[in-house]
2 protein chains.
Amino acid sequence: MIDDTHTRQARATNERYAIGLMSGTSLDGVDAAVCRVTTTGAGPLEYDLSVESFETAEYDEAFRNHLATLANAGTGRVDDIAVANVALGETFAEAAEQAREAAGLTRSEIDVIGSHGQTIWHVPDYVQLPGRPGRSRATLQIGDGSVIADRIDTTTVSDFRSRDVAAGGHGAPLAPLLDASQFAAGDRVRVLQNVGGIGNCTVLPPDPALDDVVAFDTGPGNMVMDSVVTLLTEGQRSYDEDGSLAAAGAVDDDLVATFLDEPYFQAAPPKTTGREQFGREYAERFVAAGRNRELDDEDIVASATALTARSIADAYDRFAPRYPEEVYVSGGGANNPTLMAMLETAVDAPVHRLEALGMNGDAKEAALFALLAVARLDEVPNNLPRATGADEPVIMGKVSLP
Amino acid sequence: MIDDTHTRQARATNERYAIGLMSGTSLDGVDAAVCRVTTTGAGPLEYDLSVESFETAEYDEAFRNHLATLANAGTGRVDDIAVANVALGETFAEAAEQAREAAGLTRSEIDVIGSHGQTIWHVPDYVQLPGRPGRSRATLQIGDGSVIADRIDTTTVSDFRSRDVAAGGHGAPLAPLLDASQFAAGDRVRVLQNVGGIGNCTVLPPDPALDDVVAFDTGPGNMVMDSVVTLLTEGQRSYDEDGSLAAAGAVDDDLVATFLDEPYFQAAPPKTTGREQFGREYAERFVAAGRNRELDDEDIVASATALTARSIADAYDRFAPRYPEEVYVSGGGANNPTLMAMLETAVDAPVHRLEALGMNGDAKEAALFALLAVARLDEVPNNLPRATGADEPVIMGKVSLP
């Protein structure tokens, strides 16, 4: 056994290793990022983070299908949820172990795990609470932090979003804390744009204070494009690989304009959206409208891609307090050259991939939960009320001990 | 505003106020106990606890019925669970506030809340985990600790049982920590017997170390008696008030012996049981067997009461490492004089109510969660592996900050 007392104490005051764990609503699997987090001061933005390793543990198809039944109001049953909560805890723990080994670190060198869990329900609007006089939003992530702490013998912070929801917020977006602490420039307005299932942006003025940061969901990310491709190919393809279908088609500007008339795009932030808004039903309407216009399949995909790019550019026009001077894109959408080219055209600023700022864009969301966990242990507020709509800054996350 | 800095610091090192919150499977409402917890040493048993106030906030009937649908595999839906998780957090917070006010304390004087939450599913046996190679138990409590922390601005520990389950345990019983730290005698074997829906006992040798404490569910508490009365009166009565029906009947010893032949009673601890074993179906069989023997209703109730008392006495015979010299009863069953008299007869030791040891028996379960929360903050192991079957001592509870 190696005595690592000296090393651990040497970095104890300002440097920690944290593993962030994330699984998105697409139910692909668990992303795990080992991060070195350095404290540079006392505030929520005074952290430097570097990604030491990044691994993805994909769910197998049967498990993905099982989780999809849990995340459905008609089929999500209490008994299955209780058991999957444990199973997911183990799956998340395993992903953390893979990333830790890839980083060449021992368990005792990891200070904390931050786990998002798997969202199985999210209520974005205020609803009446049963048995209560009042109303609230609600969110439910499973993947028990106690199980993670047990299996890999490491302090684990979980269940972040619920604390922001308890404070009146949407529980999203949470990425702005990472964006503002890692990617703000000293001399220009930067926008960090993530294109996952949903698109979300963080607008960072030069050297921002927390209250200067604006962040919100711009609308569909890959969700509409993916659903349109799935519908048009009758399930033969689930997404437009390399944007090749869109590149072969022509955009129907009138079709795009019609679908940009959706109320979500006009609503002012704070706002969040999801599959309930831009899911299959929206894509079905889009495909039907394209066929009505006698468009080729490629034209419909090109139009869906343009819709996505323009909804993002429109959002900057409408809601960015200062217009972006640079845009950095992460998420699966950054791998779609047609979308990236359309974004370049639609946005009046240079558009880059996040990698230009030195971070693997795929690792960003997982890295966020490493940062949030370190802030939780430091008892530093880690939500951004201006972005989430919460009444006040709060310290999100529940701590389970190994 | 009163400056209470001095008072708070004066008690900081060894005395804290904690509020314990509990709601049982009967879905009656939330019990809240304000406790003063004094640290007398560094171990799990080195706490003194006194109950400063005790309040119960009953669920209204509609809410109770709603919760019952959540706790049912056929009707417990993910969307309802997500919303009820928030609603219950508020309900628990309100109960804590009532108890705090009854104790005459300010919010800033309360150091921590310990909340059991509401169990909506519990898997007592190992089951195959979806997507995993292994098996596990599982348990699911709702009533979000983040909401409690938010609403009453106090650090909240929740979700205790899941940590013991993660360590391979049943997640129950948890009461032995309170029993062993508060009620052990220096010179004799004491048994603490709780008679709630289920009966459970803690056997305490003189001045026990943690490993000397044996605790397990003895079998039915009030559950069989209550169901039998409900069946016989066709729902006109839900329990045998003051044991009057049982007192008017005669025990059929052969009927009792037949039902004491249940495998649960023979199984060695650690063991836990619940409604799945001693619920309505068991009571229906009991009533049918009584009617076959042409017993009066009162005789059937008397026999169900004797079954309960004798199952408890048999458990001591079989599984208490040393035979009890005193028994202290808490829970609703302590209010049934016929049951208490039958226990006196069946057990070869004096039987008292817990109040004889200076604690309100109704407050005991809530007080337990105050104690567990303080131990969690102190990072002192608060499960009892010998009782729960866990692989090792762990520190249960997830901490949410205000």
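This report covers the interface between two chains, one helix at that interface, and some notable backbone and buried sites.

The model is predicted: local features need pLDDT of at least 70, side-chain atom pairs count only at pLDDT 80 or more, and totals for chains, interfaces and linings use all residues. Residues are numbered from 1 along each chain as its sequence is written, chains are lettered from A and ligands numbered from 1 in the order written, and side-chain values use heavy atoms, with hydrogens and water left out.

## The interface

Chain A puts 53 residues in contact with 54 residues of chain B. Contact means heavy atoms within 4.5 Å. The area buried between the chains is about 4,300 Å². Carbon and sulfur atoms give 60% of that area. On the chain A side, Val78(A), Arg132(A) and Leu401(A) lose the most area to chain B. Together they make up 16% of what that side buries. Buried area is the accessible area (1.4 Å probe) that two parts lose on being put together, summed over both. Interface size is often given in this way, as accessible area lost when the parts come together.

Eight salt bridges run between chain A and chain B. A salt bridge is a side-chain nitrogen of Lys or Arg within 4 Å of a carboxyl oxygen of Asp or Glu. Arg163(B) and Asp150(A) form a salt bridge through their side chains, at 3.1 Å from N to O. Between the two chains, 21 residue pairs are in polar contact, with both residues at pLDDT 80 or more. A polar contact is a pair of N or O atoms within 3.5 Å; within protein, one must be able to donate a hydrogen and the other to accept it, and residues adjacent in sequence count only if both atoms are side-chain atoms.

Several elements of chain A give two or more residues to the side that touches chain B, among them α2 (61–70), α3 (78–102), β4 (112–128) and α4 (145–152). Helix α3(A) gives the most, with 12 residues. Helices (H or I, at least four residues) and strands (E, at least two) are DSSP runs, numbered from the N terminus. The residues on this side of chain A divide into 26 nonpolar, 13 polar and 14 charged. Here Ala, Val, Leu, Ile, Met, Phe, Trp, Tyr, Cys and Pro count as nonpolar, Asp, Glu, Lys and Arg as charged, and the others, Gly among them, as polar.

Asn85(A) sits in helix α3 of chain A. Asn85(A) counts as buried because its relative accessibility is 10%. Buried means under 20% relative accessible area, exposed over 50%, and partly exposed in between (1.4 Å probe, protein chains only). Leaving aside neighbours within four places in sequence, Asn85(A) contacts Ile142(A), Gly143(A), Asp144(A) and Leu140(B).

## Helix α4 of chain A

Seven of the eight residues of α4(A) are buried, so this helix is largely enclosed by the rest of the structure. The buried residues include Gly145(A), Val147(A) and Asp150(A). At the start of α4(A), a side-chain oxygen of Asp144(A) comes within 3.0 Å of the backbone nitrogen of Ser146(A). Just after the helix, Asp153(A) has a positive phi of about 55°.

## Backbone exceptions

Most residues other than glycine have a negative phi, and most peptide bonds are trans. Glu234 departs from this pattern of phi in both chains, as tabulated below.

| Residue | Phi | Loop | Relative accessible area |
|---|---|---|---|
| Glu234(A) | near 50° | between α7 (223–232) and α8 (244–248) of chain A | 73%, exposed |
| Glu234(B) | about 50° | between α7 (223–232) and α8 (244–248) of chain B | 74%, exposed |

Chain A also holds cis peptide bonds. One joins Ala172(A) and Pro173(A), with omega about -10°. Pro173(A) lies in the loop between α5 and α6 (176–183). Another joins Pro269(A) and Pro270(A), with omega about 0°. Pro270(A) lies in the loop between α10 (263–266) and α11 (275–278).

## Buried sites and cysteines

Ala334(B) lies in the loop between β10 (326–330) and α14 (337–346) of chain B. With a relative accessible area of 7%, Ala334(B) is buried. Beyond four places in sequence, Ala334(B) contacts Val329(B), Met340(B) and Arg353(B). Ala334(B) and Leu354(B) are 20 residues apart in sequence and 8.5 Å apart in space, C-alpha to C-alpha.

Cys35(A) is buried at 0% relative accessibility. Cys35(B) is buried too, with a relative accessible area of 0%. The whole structure has zero disulfides over all chains. A disulfide is a pair of cysteine sulfur atoms within 2.5 Å.
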